[in-house]
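Hi there,

Here is the structure I promised to pass on to you. Have a look at it first, and then read my notes below.

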Amino acid sequence: MFVVKKIVVKALNALVRPFGAKIVKLGSGPVFIAGPGPSDCYMANEELSKMLLDELSDVSRAFFLQRLPGLAPTGFDFRAEVEKFMSICRDGQQQNNVGGSGFHNSFWIFLTARALDPELIVESGVFKGHTSKLFERACPNATIHGFDINLGKLEDKTGRAQFHEYDWSCFDFGKVNPNKALVFFDCHVNHARRLLEAQARGFKHLIFDDNPPLHKLYAYGRPGFPTANMLHNGLSADLSEVRWRWHDKQIDYTLNRAEAEAAAKVIAQHEVYPDVAGPTRYGALSYSFLAYVRI
Ligand SMILES: C[S@@+](CC[C@H](N)C(=O)[O-])C[C@H]1O[C@@H](n2cnc3c(N)ncnc32)[C@H](O)[C@@H]1O
């Protein structure tokens, strides 16, 4: 079976390669296709390559200054930070991160971490360790804790990040400086629960991945229901039963309204990061409604 799959993937890749795409996994669910990546597809002409850096700097500067004023320190050099990020991408580490963060998430996670410069970074949902490594590179002085209920896929445990094979709620962080701490939730666990847990532990700056609005839940087979986006924007709808189709599955969720309302009250600010995956075509499928949430 494995050999047959390999032959099928090879044949399909011959077909999609001219379009800059690559099939990296063929499972019982959806076929995963990786488009061009920043380490293997880029303008070799320096002037043209700089145009992309300029464009991405403009997008990030506008977002931070308009939507997250005060998060980046005065004088934060967006152009230099974007260049740093792109050079990390170019070194080609962990290119196949299907199931984890792609270009879009990595871009915003890197810039947010650089802007905030936290002393403490917490990640819930480590998988292969792609974003843990990114945090290590973005914040060389931060203490990093990565939590995953299954660390079996983790590729490199030798960095600075400390990994724990259990839910983050079981860990005692002691006294947290809310202005100097960042939590990234990428574990598909109920965002209402995560918001209340983060508040109880004294955190303020959060990033939620896989955070679709109510009417785009169809993009997921297993979101952290209710999502932070739903809590912030969608609680006025009748949510007693939410149903959608995910490929060949019918999905039903029932909202715990008391928990949802308590969690919605905790959100002081909710900002979805603008799409940089589609416009660059670096992992167009990696756009995931990633959002910064201040509580
Ligand atoms: C999307 S992956 C994380 C990807 C990673 N952050 C990245 O961007 O490369 C989701 C991970 O969440 C983990 N997970 C599931 N439930 C969890 C929980 N309660 N606490 C922490 N991690 C959990 C899964 O085992 C899986 O490895």
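**What I found**

Strand S9 (residues 249-253) is hardly covered, and the count of buried residues among its five residues is zero. Please keep in mind throughout that this is a predicted model.

S9 has a partner: five bridges join it to strand S8 (residues 242-246), and the two run antiparallel. If you look across the pair, you will find Trp244 opposite Ile251 in S9. S8 and S9 form a hairpin with two residues between the strands, where His247 takes a positive phi near 50°.

Now turn to strand S7 (residues 205-208). Are its faces covered or bare? Both are covered: His205 and Ile207 are buried on one side, and Leu206 and Phe208 are buried on the other. As a reminder, side chains in a regular strand alternate between the two faces of the sheet. S7 is joined to S6 by four bridges, and these strands run parallel. In this pairing, Phe184 stands opposite Ile207.

Helix H5 (residues 130-138) is a good one to look at next. Seven of its nine residues are buried, so the helix is largely enclosed by the rest of the structure. The buried ones are His130, Thr131, Ser132, Lys133, Leu134, Phe135 and Ala138. What do they pack against? Their neighbours are H4, strand S3 (120-124), strand S4 (143-147) and strand S6 (181-185).

Phe135 turns up again in the largest nonpolar core, which has 62 residues. Along with Phe135, the residues with the most contacts inside this core are Phe110, Ala113, Ile121, Val183, Leu206 and Ala291. Helix H4 (residues 103-116) gives the largest share of the core, with nine residues. To see how Ala291 fits in, leave aside its neighbours within four places in sequence: Ala291 is then in contact with Phe208, Asn211, Ala228, Asn229, His270, Glu271, Val272 and Tyr273.

There is also a ligand to find. Of the 20 residues around it, Gly100, Ser101, Gly125, Phe127 and His130 come nearest. The shell around the ligand divides into six nonpolar, ten polar and four charged residues. His130 is worth a second look, as it is also one of the buried residues of H5.

Finally, the overall layout. The domain assignment gives domain 1 (1-34) and domain 2 (37-294). The C-alpha centres of these two domains lie 28 Å apart.

Enjoy exploring!

Best wishes

Key:
Residues are numbered from 1 along each chain as its sequence is written. This is a predicted model: local features need pLDDT of at least 70, side-chain atom pairs count only at pLDDT 80 or more; totals for chains, interfaces and linings use all residues. A residue is near a molecule or strand if its C-beta atom, placed from the backbone, lies within 6 Å of it. Ala, Val, Leu, Ile, Met, Phe, Trp, Tyr, Cys and Pro count as nonpolar, Asp, Glu, Lys and Arg as charged, and the others, Gly among them, as polar. A nonpolar core is a set of buried Ala, Val, Leu, Ile, Met, Phe, Trp, Tyr and Cys residues joined through C-beta atoms within 7 Å. A residue is buried if 20 or more other C-beta atoms lie within 10 Å of its own, exposed if 12 or fewer, and partly exposed in between; C-beta atoms are placed from the backbone. Two residues are in contact if their C-beta atoms, placed from the backbone, lie within 7 Å. Domain bounds come from an automatic or database domain assignment. Two strands pair if DSSP finds at least two bridges between them.
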